[in-house]
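Reader: Could you take me through one part of this model slowly, strand by strand, and then show me how that part relates to the bound metal? I would like one connected account rather than a list.

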Amino acid sequence: MKIEAITLREIRMPLVKPFQTSFGTTTDRRILLVEIKGEGLTGWGECVAGEHPYFSDETIDTAWIVSLQELVPALANGDPEHGGKCPTIFRQVRGHRMAKAALENAVWDLEAQMRGIALSELLGGIRETIPCGVSIGIQPTLEGQLAEVEREVEAGYQRIKLKCKPGWDIRVFEAVRNRWPDIMLSCDANSAYRMNDIEHLVDFEKFNLLMIEQPLWSDDFYFHSLLQKRLKTAICLDESIRNRRDALAAIEMESCRIINIKNGRVGGFSEAIAVHNAAQERGIPVWCGGMLETGIGRAHNIALSSLENFSLPGDVSASKRYWKEDIIEPEVTVSTEGEITVPQGVGRGFEVREDLIEKLTVRKEEVRALALA
Ligand code: OSB
Ligand code: MG
């Protein structure tokens with residue numbers, strides 16, 4: 001594939017409402033978008049690194065620098081014939097997986113168009129619809145939290161995930177379970193608990209949660225395996241799983257029984273597929289996580305979620321939950337059955353609104369491939 005130019009942009013987009021987790025509150029997103037031109041086509045990628053290094057050690061600013069200094073030159077000179085070649089092209093750069101994923105995914109996005117097939121098909125997906133859940137942030141009040149759950153249950157979402165932290169857990173689960181005894185419910189602590197909290201975490205059992213996501217340290221397998229031994233409820237790992245080897249270690253050690261796959265966190269579609277396959281071969285179900293993406297990342301998450309072992313509802317939800325106006329056309333919508341239809345047309349299946357992106361852009365850097373040769 002002949003790459004002609006790679007453009008990095010930062011866009012700013014306010015969320016329709018603040019999103020609070022155990023590690024902080026996000027109100028305005030700063031998002032790095034990647035645009036790759038080649039073969040008369042344009043591939044898009046979204047970097048999911050946050051504004052602060054709170055979820056991961058990457059930020060939009062580290063991704064910007066490492067992309068410009070290392071990854072973009074490597075890719076422009078690397079002549080990828082396939083998205084799956086990107087990990088090899090980037091292999092000299094340690095870490096920076098979210099930065100790598102934005103570029104790699106833009107290559108897959110372009111490749112699907114070149115081949116004239118759907119991105120989901122290129123990835124090996126088989127689902128025509130994907131089951132959807134929502135991640136509900138920590139709310140200022142319990143009444144507010146219940147109102148949010150009510151809204152999403154009524155919208156038809158198949159699984160409700162509650163963000164939690166010490167002091168915002170049992171009381172909330174109790175209130176939600178009293179009102180909705182049978183919904184598929186889970187929680188996500190984003191590493192807010194410690195081994196001293198083990199008896200407290202065992203108390204979560206009575207709420208019949210589908211899973212407890214990332215209760216302990218973001219870099220741990222060992223203590224999660226000790227905790228999993230004490231729990232009938234499945235642990236799901238998010239932050240801890242950086243690649244296929246991590247997935248194998250976690251499965252082997254029984255640190256979790258479910259895996260959340262985010263393509264940014266694992267470095268792009270190639271590694272996401274590798275994690276998916278490793279989990280599938282070992283009977284571990286996966287689901288697709290979300291990182292407050294715009295429509296570009298959302299479209300990519302939909303395509304990824306069409307793979308067979310994405311059998312649990314993911315955090316891939318409607319554009320309007322996050323954005324007044326999304327940067328793709330049509331926006332992502334979810335049916336009253338809580339499903340998204342996987343586009344079957346060529347490429348990602350959602351047009352990128354380049355005029356709107358141009359208006360939202362606060363910095364832009366174009367690198368012509370010729371200048372790099
Ligand atoms: O841990 O899953 C997470 C958002 C930002 C950072 C981490 C997480 C999340 C979410 C939001 O839960 C999921 C979504 O995009 O809808
Ligand atoms: Mg999570």
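**Strand β9 and its surroundings**

Author: In this predicted model, Leu 237 of β9 has Ile 259 as its bridge partner in β10. That contact belongs to a pairing in which β9 and strand β10 (residues 258-261) run parallel and are joined by two bridges, and β9, α9 and β10 together form a β-α-β unit that is right-handed.

Turning to β8, one finds that β8 and β9 also pair in the parallel sense, here over three bridges, with Ile 235 of β9 serving as the bridge partner of Ile 212. Between these two strands the chain passes through helix α8 (residues 222-230), and this β-α-β crossover from β8 to β9 is right-handed.

As for the side chains of β9, Ala 234 and Cys 236 point one way while Ile 235 and Leu 237 point the other way, and all of them are buried.

The metal site can now be placed against this strand arrangement. The magnesium ion (ligand 2) is coordinated at 2.1 to 2.3 Å by Asp 188 (OD), Glu 213 (OE) and Asp 238 (OD), donor residues whose spacing in sequence is D-x24-E-x24-D. Because Glu 213 lies in strand β8 (residues 211-213), whereas Asp 238 lies in the loop between β9 (234-237) and α9 (244-252), the pair ties together parts that are 25 residues apart in sequence. Glu 213 and Asp 238 are both buried.

Terms used:
Residues numbered from 1 in each chain as written. Chains lettered and ligands numbered in written order. Predicted model: local features only at pLDDT ≥ 70, side-chain atom pairs only at ≥ 80, totals over all residues. Heavy atoms only, no water. Donors = N, O, S within 2.8 Å, 3.2 Å for Na, K, Ca; no water. Helix = DSSP H or I, 4+ residues; strand = E, 2+ residues; numbered from the N terminus. Buried < 20%, exposed > 50% of the residue type's maximum accessible area, 1.4 Å probe, protein only. Pairing = 2+ DSSP bridges. Right-handed = clockwise from strand over helix to strand, strands pointing away.
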